[in-house]
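Q: Please take a close look at the largest cavity. How do the residues of its lining divide by type?

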Amino acid sequence: MRIQSMTTTDTLDVAATTRQTIELAEAGCEIVRITAPSVRAAKALGPISKAVREAGFKVPLVADIHFLPNAAMEAAKHVEKVRVNPGNYADRKKFQVREYSDSQYKEELERLHESFTPLVLRCKELGRSMRVGTNHGSLSDRVLNRFGDTPRGMAESALEFLRIARDHGYHDIVLSMKSSNPKVMIEAYRLVVCLMNDEEMDYPLHLGVTEAGDGEDARIKSAIGIGSLLLDGLGDTIRVSLTEDPIAEIPVARDMARRALNWWSDVPGKTTYPAELINPFEFQRRPCSENMLSETIRIGEKHPPTVLAHSSHPLKDIQKIVQEVAQIQSVAKDAPIEGLVIEYKEVAEQTLLETLRSSLFGAVSFILVESNAHGTPPAQYREDSPSLVWLSNAACENPNSLEKFLQECENSDCLPALALAAKPMTEETVRLLSQASTPPIITLLPTSGINSVAGYRILAAMLDERGLHFPIWIRNQEDGRLFNKDDSFSARLLDSSILSGSLLCDGLGDMLSVENTGSLDRNRGLAYNILQGARARISKTEFVACPSCGRTLFDLQSTTQLVKDATGHLKGVTIAVMGCIVNGPGEMADADFGYVGSAPGKIDLYVGKNRIKSSIPETEAVDRLVKLIQEEGKWIEP
Ligand code: SF4
């Protein structure tokens, strides 16, 4: 597994680009990409490469090419790898809607063959490698019209180039299928691997979520996309693309690479499990019966996943629990704690639980009581209290205790929840579960020897195979950790994002709790951010921001922050901040609004793919963006 990043300096500034390349190498970056937006810049790669080698660094350099075959031909002379974008290497994008006949399509492919062949031959002759780097949002008109702006379109776009290279006996190729939407990116990588298998190709993969933005959200999106694929066993190089100093990308990428190596070294167990029913190429939410958790909250496939948070206080500290929840709920109106998880140790705590219940009336919709003790309390329906869900970690140990537990839940005012191990259920367990009057909520009993993603997938497959379409609660717990060698917050963030995100992107999960950061509020926020990253539930503005490179026309980090400050309260709106007009509009994919650098000090504003305002002075651009959002009827006052 190799880690890569990209310089953000102007490539023509040889000294600055050399310096940043060396800094990246010193930080642990193993492949450094440098943009070559012109033949002049491609020529500058020569002295940059020389200076880097003279400084004693062997790190391979990659030229990043869009649109310009001449720049690619020049760059191949100087660096170890050339990245081309199949969406724009031989095609100018005109956004034309056009039906191609088979013969017209064939003619287009012949034209492509002619344009791409010289680079293939040059790389072959010079011993250079190449990345065929497909981006969702910058597919050629030809591919878009035939396959759509879809994972299939992305895969086909790459395959067109791979077939040409194969015709020339050139195989030093790595592929990428990037998108700012982790779901699209996961499906595209899986699909291209499958299609390559059909054609007996096995090129390595470079993984990345593009235009991920900055901060926690960008790390979450990258962890979801890259982590899901690493768990599939896919990926050979990775880049965590951040709108920050590129050095900041390296530790995050290294953390993910370490996890992958850890997972891949696991020897598979001998147990056989039911076949998964997940479609790996197309998102579909897992079918699930509807459950009414409270007056206001329903769960099931038609509803976005519900967020729970686990209180670290014991039940006896009622005041602390109530105060903490009240504080959070007063400021987290768009992303509240919907259900509070409380531990219940013994029947003697019954009175405390009832007091807590009344105290939390209006603050949370339901309380989920986690009990290791057998039995449920004689709870009653009360209009002035949150409803109760009762989780048993032990009821499934034998049929008698399961039957008793389900009966007690039915007699009381509690919805049942069960923690199951990822191992085959007995016939008696299946019979009792299928007869339950209320479908129980199912979560995974942390099991040793299997990572939690696999555990939840097996659980879902086992239930579905038996026709038990019960809701699944994804828990990110201490003992369900995916990688237990690091205890930092960023490690926990990656673990939770990978575990929950990969399941959510496969359509699994009806409830979500993050329970591993030690802070109720952080856990709540992280759960909502993961749901947003996996596009499972939108609770705030979605920002897409390019990581910046030598083409960038303004300070991306500070501008992205200004745009966030002005628009961060617009729930459900996607805003892209892109550094240049060459790639920005194509690569902002499904954004509602775009803020794109068009010339030094000038900004173009977009609604979808349409440029609405041109060459606005940078100093006015954020205000004009706000005005545009107002004109489009998407504005609400903060
Ligand atoms: S969109 Fe951003 S990262 Fe992509 S080429 Fe333009 S400036 Fe560089």
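A: Ala, Val, Leu, Ile, Met, Phe, Trp, Tyr, Cys and Pro count as nonpolar, Asp, Glu, Lys and Arg as charged, and the others, Gly among them, as polar. On that basis the lining of the largest cavity divides into 11 polar, 9 charged and 7 nonpolar residues. The model is predicted: local features need pLDDT of at least 70 and side-chain atom pairs 80 or more, while totals for chains, interfaces and linings use all residues. Residues are numbered from 1 along each chain, and side-chain values use heavy atoms, without hydrogens or water.

The whole structure holds 3 cavities of 30 Å³ or more (sets of 1 Å grid points, over protein atoms alone, where a 1.4 Å probe fits but cannot get out; lining residues have an atom within 4 Å of a point). The largest has about 330 Å³ of space (the volume filled by probe spheres on points joined across faces, edges and corners). Its lining counts 27 residues, with D64, H66, E211, P547 and E587 nearest the centre. Strands β2 (31-35) and β5 (129-135) and helix α18 (584-587) each give two or more residues to this lining (DSSP runs numbered from the N terminus: H or I, at least four residues, for helices; E, at least two, for strands).

As for helix α8 (residues 215-231), 13 of its 17 residues are buried, so the rest of the structure largely encloses it (buried: under 20% relative accessible area, 1.4 Å probe, protein chains only). Just after α8, G233 has a positive phi of about 90°.

How values were computed
On a 1 Å grid over the protein atoms alone, a cavity is a set of points where a 1.4 Å probe fits but cannot get out, and a pocket is an open set with protein on both sides within 12 Å along at least five of seven lines; lining residues have an atom within 4 Å of a point. Buried means under 20% relative accessible area, exposed over 50%, partly exposed in between (1.4 Å probe, protein chains only).
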